Every structure is written in C-alpha cells, then in structure tokens.
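Trainee: Please take a close look at a single part of this structure with me, and explain each term as you go. I would like to know where that part sits and what lies beside it.

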Amino acid sequence: MIIEDLMPEIGESSIKEKLVACLKSDPKTLPCMFFYDPAGSELFEKITKLEEYYPPKIEIPLLRSTARKLNSDLKDCNLVELGSGDCSKISVFLDEVPEEVRQTIVYYPMDVSREALEKSARILRKRYPEMGIHGVNADFLEHMETIPGNRKKFFCFFGSTIGNLTELRTMEFMRHLGDVMNSNDRLLLGVDMVKDITVIERAYNDSRGITAEFNKNILKVTNNHLGTNFNPDDFEHLAFFNKELSRIEMHLKAKKDLEITSPLLNESITFKRGETIHTENSHKYTVDHISKMADAGGLSLANIYADGKKWFSLAEMV
Ligand code: AVJ
C-alpha cells in the first residue's frame, strides 16, 4: 500500500496570517476548513446521524443503486476519490461492485488528512484485498493532475462537499478537472438539490443544537491558533437559506459588543452587537446548475441519478 505525500508544509505562521486576515476583513469570515479539528470532526459525525440532516440518508442508498448501474464502467480504471475522508462512502459503493471488477481497479483516495488516509487505507485493504490502493495526501484542488493517466480514470466527489465552494471557485474547479480528464474518463459528483426551504433550513438548525455547537467550535479552533479570547457563548448560531445565491449560509452573530484580543495582534478586533462572522456556505443545486458545471469543464452530462424525491443527486459527467 502506497501513500504519496504532496502536502506542502503548511506552516503555523501562514495559518495564523490567514485567520487574522479573515477576521479583519469586512464582513468578517472564518474559513470552513477550520471546523474540522478533532472535536469538530466528532461533531460533524454527530450531525450526519441527526434526523434533520437528510443528505447522507439519501446519498448512501443512492451510492448503492448507482454503483450497481456503473459496474461495467469501473472495470480496469483508476478510481480517484476527491476528499475521501474516512472512505465510508466509497465502501458503500464498492460493496456493490463484483469482486472480479474490484480486482481490476486501483483506488486513489485523495485527502488533506494523512491520518484519515492511513486509517482508511488499512481498513480498505482488509475489506477488499483484491483491489489496489494508492493514497494521495494532497489538496485535490491543487493536485488532480498527479493521478497517473495510463488507464481510464473514474473520479468520485461525494457528499456535496463541492457545495462549500463559491460559484466562481466551483467553475474554476470544473475547468481544472475538465482539463485533467480524457475522453474515456468519468466523474460522479454528489450534490444536494434545491428543495423546500424549511427542510433545508432544519438540516442546519437541528433541535439538539449540534450544528450550533459545530459552528461555534470554529471559535475554539481560532483561539488555539491565535490565542484569542473568543467565548463561544457570546455568539449565536445562524443558518439560513440565501435564495438568490442558492445556498445555506452559516454565521456566528455577536450577542453584545465585544473586544477580542490576542498576544499576536497589536490592535484588538471589535464586534458590534449583532455583527456576524460568515463561517460556511453550502450550495444547493438544480439540474440547470449541474449542466452549467458540466459545461464549465467541457464535459457532457451523461446521467443524473436521484432519489424518488430528487433531494440529492449523483451527476455523471463524461
Ligand atoms: C460536509 C460540507 C457537506 O455543507 O452540509 C453540515 C457541512 N455544515 N452541517 C454541508 C455541514 C453544517 C456539510 N458538508
């Protein structure tokens, strides 16, 4: 089993600079990748099990039924998963692929977390001993072209993770992926669809307050990096659907005027009561959006696999 390491040493100093710049911008923001420290990853795990958080409940059965339909396309491919995380989704998918086909696949999980890659590669090697595994510790936005192109490639990008990117970054991503893909290659993209707004908003405002805790955890992560004195209790969790931009926005709203200090900063960062920090976007798609993404990559939309209610889709592009 190989794990290739393409991650640049992201120095603590550049993390600090990035966080400070985001907090000094107007409006204030924090990058959503900072949600996922160990505590944040655990909270996200809890979110995926909430009754209100529908996406995994729909995507997982959809992965099963779609894998059965795509079996013949998987033969002799390099199966590249962008943002593979704990590899639980690809396992659901691979369970529906016959062993004779799995034997011919080399799986390339790509993730920024080396720990996640090592752990999941160990599990997958036991579960599918007949399949080749080649982990790539990298940011897929930067390193998609490092996957060997000697065989046909089957790209997977599940979980509507693409929804975190702005519209502009999404189109850039699609162009880049389109450049990397050859004519026999394929992309299976998981996207959360536009639906009744109350359903969407409930998924990000759960009754147990887990999403609120997840959102506020980013302040603890910030304190750890910057030595700031954010008190998560001084902020209120906000999550609402922005209809115009077709996305859930998560923010943290200051409950009172605040002065945030850090030994690293000459000046304090001040908040007016009601001022917010924008922490995440989660875009929701229509078939029209999906077509535009395919166009941006110079790809054609071969199929959209969806559940009966069309709440979630796996878009197949070639
Ligand atoms: C992991 C980015 C798909 O946008 O739904 C869940 C993250 N944020 N609840 C999403 C998230 C709040 C999730 N993604």
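Mentor: The UniProt annotation, from an unreviewed entry, places "domain: Histidine-specific methyltransferase SAM-dependent" on residues 16-316; such annotations may be inferred rather than shown by experiment, their names are shortened, and their positions follow the numbering used here. That numbering starts from 1 along each chain as its sequence is written. The model is predicted, so local features need a pLDDT of at least 70 and side-chain atom pairs count only at pLDDT 80 or more, while totals for chains, interfaces and linings use all residues. The protein has an average pLDDT of 95, with 99% of its residues scoring at least 70, where pLDDT is the predictor's confidence in each residue on a scale from 0 to 100.

Within residues 16-316, 38% of the span is helix and 25% is strand, and the C-alpha atoms at its two ends are 39 Å apart. Helices (H or I, at least four residues) and strands (E, at least two) are DSSP runs numbered from the N terminus.

The part to look at closely is strand β6, residues 152-157. Five of its six residues are buried, so β6 is largely enclosed by the rest of the structure; buried means that 20 or more other C-beta atoms, placed from the backbone, lie within 10 Å of a residue's own.

Strand β6 pairs with two strands, β3 and β7, and two strands count as paired if DSSP finds at least two bridges between them. Strand β3, residues 77-82, runs parallel to β6 and is joined to it by five bridges, with Cys-77 standing opposite Lys-152 of β6. Strand β7, residues 186-192, also runs parallel to β6, here over four bridges, and Phe-157 faces Leu-189 of β7. Between β6 and β7 the chain passes through helix α8, residues 167-180, in a right-handed β-α-β crossover; right-handed means that, with the strands pointing away from the viewer, the path from the first strand over the helix to the second runs clockwise.

Finally, follow the chain beyond β6 to the ligand, whose surrounding residues include Gly-159, Ser-160, Thr-161, Gly-163 and Asn-164, each with its C-beta atom, placed from the backbone, within 6 Å of the ligand. The shell also holds Ile-47, Pro-55, Tyr-204, Thr-211, Glu-280 and Ser-282, and its residues divide into three nonpolar, seven polar and one charged, where Ala, Val, Leu, Ile, Met, Phe, Trp, Tyr, Cys and Pro are nonpolar, Asp, Glu, Lys and Arg charged, and the others, Gly among them, polar.

Key. A residue is buried if 20 or more other C-beta atoms lie within 10 Å of its own, exposed if 12 or fewer, and partly exposed in between; C-beta atoms are placed from the backbone.
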